[in-house]
Amino acid sequence: MRSYHITGPGGLKSLTEVQADEPEIGPFDVLVEMKAWSMNYRDLAMPYGGYVGNDKVKRNPPMVPLSDGSGEVVAVGKSVDRFKVGDRVAGAFFQKWLDGELTAEQIGSALGGAIDGVLAERVAFHQDGLVSIPKTYSFEQAATLPCAAVTAWQALTLGNPRPGQTVLMLGTGGVSVFALQFAKAFGMRTIITSSSDEKLERARQLGADITINYREHADWERVVVEQTDGIGVDNVIEVGGAGTFEKSIASAKVSGRVSLIGVLTGNPDQNPSPMMALFKRLTVQGIYVGSRAMFEAMNRAIEVNQLRPVIDTQFSFDDVPAAYEHLKSAKHFGKIVITR
Ligand SMILES: NC(=O)c1ccc[n+]([C@@H]2O[C@H](COP(=O)([O-])OP(=O)(O)OC[C@H]3O[C@@H](n4cnc5c(N)ncnc54)[C@H](OP(=O)(O)O)[C@@H]3O)[C@@H](O)[C@H]2O)c1
């Protein structure tokens, strides 16, 4: 069957299409005919050696890339009782984080990072590592959910979102656009930043209440505070990292929350000051995607609220290198999808 491998930490040229062996399934495994995949910023880091610690690309290459994909069940092991042939499913980002608090062992089960990912025609999953996809979703729509959407869901729901609260999103990538859509469904007031006025217009069409071009306003945190009557926001969806952390702290209200998610900007060795987090009594919460239970709760909310993911561009399986280049260009708004 066709698959892609990252042969080692050699940059995008280490991404190679290969003929791989058909996966074998054990008694508790489910064989999925993959129909669609989606890309996340993290997928760009893997060909360069991954983020931290134990990504397989560094430890034991080659590695199958991508955490996110959806497809149809085509075979089940003899002890499988959660799924049957014909079911429409997606892989959970952490194959072993089913519910409760994340443990060190479960971190080692991240698809397309600690373990092989899903960019292959067929993938065998343990039945516990799969969720049913929303009934009204196409495979392409469902493929957008496992990483970016679950991350946005966890970041918002841990903050006990209430109607009338204000949430700030940075940029218009996958996580931020999902957070915007979920925040609107929770009845929240939304502020979003972008480098592009065109993307901000698209964000307004999705319901963004206040939009700020962070290129035009290098001091965007001041605009956020002004626009909230000097108070600041309840929750910041902090995808920027070292380059935006202090501004996100400045944007949060006293006793508010900063959901630490990303590493898009700044030097990771830079030491932004956490002092104001202390004086403002902020909750600064690290967010690492989410559990299977969070994924399932999110899918229920998606169905009830009839939310649809924003797909920027679709590439074919033949054009995976072009999908990586598009992700790298950061021209997208929302999600980039790969289809069969
Ligand atoms: N902790 C976790 O579990 C987790 C899960 C998912 C993602 N992440 C991280 O979250 C970040 C976003 O991931 P993603 O997949 O959503 O990325 P993405 O789809 O590639 O989004 C990239 C977008 O980020 C925006 N951006 C870049 N620099 C920015 C800056 N200085 N200020 C504000 N926005 C900026 C740009 O938006 P504009 O074009 O609108 O300017 C860019 O298009 C990444 O660092 C990723 O590693 C972490």
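Phenylalanine 28 counts as partly exposed, because its relative accessibility is 40%, and residues between 20% and 50% fall in that class. I should say at once that we are looking at a predicted model. Phenylalanine 28 sits in the loop between β2 and β3. Leaving aside neighbours within four places in sequence, its contacts are Ser79, Val80, Phe125, His126 and Gln127. Arginine 82 is 54 residues away from phenylalanine 28 in sequence, yet the two C-alpha atoms are 9.5 Å apart.

The loop deserves a second look, through glutamate 24. This residue is also found between β2, residues 15-19, and β3, residues 29-39. Is glutamate 24 buried or exposed? Glutamate 24 counts as exposed, because its relative accessibility is 73%. Outside the residues up to four places away in sequence, glutamate 24 touches Asp29 and Ala124. From glutamate 24 to glycine 77 the C-alpha distance is 9.7 Å, across 53 residues of sequence.

Let me now place this loop within the whole chain. The secondary structure consists of twelve helices and 15 strands. A compact globule of 340 residues would have a radius of gyration near 20 Å, and the chain has 20 Å, so the two agree. The C-alpha trace spans about 60 × 40 × 40 Å along its principal axes. Of the 340 residues, 54% are buried. Among contacts with a separation of 6 or more, 69% join residues 24 or more positions apart.

On the surface, the chain exposes about 14,500 Å², and carbon and sulfur atoms supply 51% of that area. As for charge, there are 34 positive and 38 negative side chains, and the centres of the two sets lie 3 Å apart.

The annotation comes from the record. An unreviewed UniProt entry places the feature "domain: Enoyl reductase (ER)" at residues 10-338. Over residues 10-338 the model is 29% helix and 24% strand, and the C-alpha atoms at the two ends are 23 Å apart.

I turn next to glycine 8. Glycine 8 lies in the loop between β1, residues 2-6, and β2. At 9% relative accessibility, glycine 8 counts as buried. Which residues does glycine 8 contact, once its neighbours within four places in sequence are set aside? They are Ser14, Pro47, Val57 and Pro61. Phenylalanine 279, by contrast, is 271 residues from glycine 8 in sequence and 45 Å from it in space, C-alpha to C-alpha.

Pro61, one of those contacts, leads to a backbone feature. The peptide bond from proline 61 to proline 62 is cis, with omega near 0 degrees. Proline 62 belongs to the loop between α2, residues 56-59, and β4, residues 68-76.

Two further backbone features concern phi. Aspartate 229 has a positive phi of about 55 degrees, although it is not a glycine. Its location is the loop between α8, residues 220-227, and β11, residues 233-238. With a relative accessible area of 70%, aspartate 229 is exposed. Serine 255, likewise not a glycine, has a positive phi near 65 degrees. Serine 255 is placed in strand β12, residues 252-260. Its relative accessibility is 37%, so serine 255 counts as partly exposed.

I close with two residues in regular secondary structure. What is the relative accessibility of threonine 190, a residue of strand β9? The value is 0%, and threonine 190 therefore counts as buried. Strand β9 covers residues 189-194. Excluding residues up to four places away in sequence, threonine 190 touches Val167, Met169, Leu180, Ala183, Lys184, Gly207, Ala208, Asp209 and Ile210.

The other residue is glutamate 198, in helix α7, residues 197-205. Glutamate 198 is exposed, with a relative accessible area of 67%. Its C-alpha atom is separated by 9.9 Å from that of phenylalanine 333, although these positions lie 135 residues apart in the numbering of the chain as a sequence separation.

Methods:
Residues are numbered from 1 along each chain as its sequence is written. This is a predicted model: local features need pLDDT of at least 70, side-chain atom pairs count only at pLDDT 80 or more; totals for chains, interfaces and linings use all residues. Side-chain values use heavy atoms; hydrogens and water are left out. Helices (H or I, at least four residues) and strands (E, at least two) are DSSP runs, numbered from the N terminus. The radius of gyration is taken over C-alpha atoms; the globule rule is 2.2 Å times the number of residues to the power 0.38. Buried means under 20% relative accessible area, exposed over 50%, partly exposed in between (1.4 Å probe, protein chains only). Contact means heavy atoms within 4.5 Å. Accessible areas come from the Shrake-Rupley method with a 1.4 Å probe; for residues, only the protein chains shown count as cover. Lys and Arg count as positive and Asp and Glu as negative; His and the chain ends are not counted. The place of a charge is taken as NZ of Lys, CZ of Arg, CG of Asp or CD of Glu. UniProt positions are given in the numbering used here, feature names are shortened, and annotations may be inferred rather than shown by experiment.
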